[in-house]
Amino acid sequence: MSNKAHMTGSERLGSQAILTIDLDALVANWRAMGARAAPAQCAAVVKADAYGIGVKPAALALSRAGCVSFFVAHINEAIHLRAILGAAPADIYCLNGLPDDSAAIAALLDADIFPVLGSATEWTLWQAQVPNRKAALHVDTGMNRLGISPAEAAVIGATPAADNVALVMSHFASSEEPDNPMNAAQHAAFDAVRQLFPHARASLANSSGVFLPSTPHYDLVRVGYAIYGGNPTPGAPNPMQSVVHLQAPIIQLREVEAGACVGYNSTWRAPSARRLATIGTGYADGLLRSASGSQEKPGAQACIGGMLCPIVGRVSMDLCVIDVTDAPVTATAPGALVELLGATIAIDDLAARANTIGYEILTSLSSRYYRQYVGG
Ligand SMILES: *Cc1c(COP(=O)(O)O)cnc(C)c1O
């Protein structure tokens, strides 16, 4: 990380945790994914406030680095992104489709957004409202969430309006499981459909899809999780750099006797005399309550002075308690920072210990943290 930190918002005071977003690592991850996908183009998926890290700094850094294709979920996200990027060249795709709402369609046209049409109804509406304007077309290859069926695609592909399809895409259901037979089935179904739209660009892979050994990258890959530092190859070492660093200051320390309980409902009991540190981060900050540590189930970890220390007891709204008995005493003074996410504690580690996926960890990062952006 460079130390060229620019602060957003007011000064940090007291127990507030620090969320540091490394924009150089974000750009390096986007470049690495682009190199792996080449000659396909690498689009950045920046929906949900760029997975919680902040769409404005993220999109500006990626655009300056040469990214010209972006995906979001909602029309308001697309319009906001267009305003952020200003005159910079950018194809912006809106994944959640076309609403039957003339004001929304007008706003989408005004901001020059490509809707990703996801049903036969949406396709018909687009042709009726905006003839001869390009759009993306989502074909369902087995996820049954959004997208027209391959049979509907065949009908559309046989009409002259098929030339208005600028991008034909589908989405993997299980690309993070390379051995899942669904990947090959979806690849085969998509291969057949894309032949129907010879003038359109084709896109299938998300982050993990880029790593599948036997599926092509087509013309465009749509990468989110990996550029934010999540591991697109679960079970294997993470090839991405860490982007998100979360550090919380210790508010206070206490020594407890064997048998002492911690937190709401006393779910953790000290097995021996322990040193405990209380930090001002809880579930209202996005440290999920499922990261709690009980007698039965170990909780998430924090890194303190190079030692991994467990969260003990229930994570509460604004606080949690860490057993720092094994950490160096010098690293555990009040005010000392503990790492909750970063170089040592990976997003995927925290997610696994909280019974969820890293995507939910990222998108839960709250606005309550003191945020700083470095690099970019
Ligand atoms: C969110 C999303 C992506 C990005 O997926 P990652 O796994 O984060 O890379 C790509 N395509 C679609 C349709 C999505 O909804």
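**Close-up views of a predicted model**

**View 1. Asn206 is buried, with a relative accessible area of 13%.** The model shown here and in the views below is predicted. The residue counts as buried because its 13% falls under the 20% cut-off. Asn206 sits in the loop that runs between β9 (201–203) and β10. The side chain of Asn206 is in polar contact with the side chain of Ser175, at 2.8 Å.

**View 2. The ligand occupies the largest pocket.** The shell around the ligand holds 14 residues. Lys47, Tyr51, Ser207, Tyr225 and Tyr359 are the closest of them. Sorted by class, the shell consists of seven nonpolar, four polar and three charged residues. Two elements, α2 (47–51) and β10 (220–223), each contribute at least two residues to this shell.

**View 3. Polar atoms of Lys47, Tyr51 and Tyr225 face oxygen atoms of the ligand.** In the side chain of Lys47, an N or O atom is 2.7 Å from a ligand oxygen. For Tyr51, the distance from a polar side-chain atom to an oxygen atom of the ligand is 2.5 Å. Tyr225 takes part through its backbone, where a polar atom is 2.8 Å from an oxygen atom of the ligand. The ligand would expose 390 Å² if taken alone, and the protein buries 93% of that area.

**View 4. Ala50 has a positive phi within helix α2.** The phi angle of Ala50 is near 55°, and the residue is not a glycine. Helix α2, where Ala50 has its place, also supplies at least two residues of the shell around the ligand. Ala50 counts as buried because its relative accessibility is 0%.

**View 5. Asn144 also has a positive phi, near 55°.** This residue, again other than glycine, belongs to the loop between β7 (135–138) and α7 (150–157). Asn144 has a relative accessible area of 69%, so it is exposed. The cut-off for exposed is over 50%.

**View 6. A cis peptide bond joins Ala38 to Pro39.** The omega angle of this bond is near 10°. Pro39 is part of the loop that links α1 (23–37) and β3 (41–45).

**View 7. Asp285 is buried in a loop and contacts a backbone nitrogen.** The loop in question lies between β14 (274–279) and β15 (301–304). With a relative accessible area of 4%, Asp285 counts as buried. Its side chain reaches the backbone nitrogen of Gly282 at a distance of 2.8 Å.

**View 8. Helix α7 contains Ala153 and Val155.** Ala153 counts as buried because its relative accessibility is 0%. Val155, by contrast, counts as exposed, with a relative accessibility of 57%. Each of the two can be paired with a residue further along the chain. Ala153 and Arg194 are separated by 41 residues in sequence, and their C-alpha atoms are 9.1 Å apart. Val155 and Leu196 are likewise 41 residues apart along the chain, with 9.3 Å between their C-alpha atoms.

**View 9. Ala188 is a partly exposed residue of helix α8.** The helix spans residues 181–194. Ala188 counts as partly exposed because its relative accessibility is 48%. This value lies between the 20% cut-off for buried and the 50% cut-off for exposed. From the C-alpha atom of Ala188 to that of Ala73 the distance is 26 Å, and 115 residues separate the two along the chain.

**View 10. Ser266 lies in the loop between β12 (261–262) and β13 (268–269).** The relative accessible area of Ser266 is 40%, so the residue is partly exposed. Ser266 and Val139 are 127 residues apart along the chain. In space, 51 Å separates the C-alpha atoms of Ser266 and Val139.

Terms used. Residues numbered from 1 in each chain as written. Predicted model: local features only at pLDDT ≥ 70, side-chain atom pairs only at ≥ 80, totals over all residues. Heavy atoms only, no water. Near = heavy atom within 4 Å. Polar contact = N/O pair within 3.5 Å; in protein donor to acceptor, adjacent residues only side chain to side chain. Areas by Shrake-Rupley, 256 points an atom, 1.4 Å probe, with all protein chains shown as cover. 1 Å grid on protein atoms, 1.4 Å probe; cavity = no way out; pocket = protein on both sides within 12 Å on 5 of 7 lines; lining within 4 Å. Sits in = over half its atoms within 2 Å of the grid points. Helix = DSSP H or I, 4+ residues; strand = E, 2+ residues; numbered from the N terminus. Nonpolar A, V, L, I, M, F, W, Y, C, P; charged D, E, K, R; others polar. Buried < 20%, exposed > 50% of the residue type's maximum accessible area, 1.4 Å probe, protein only.
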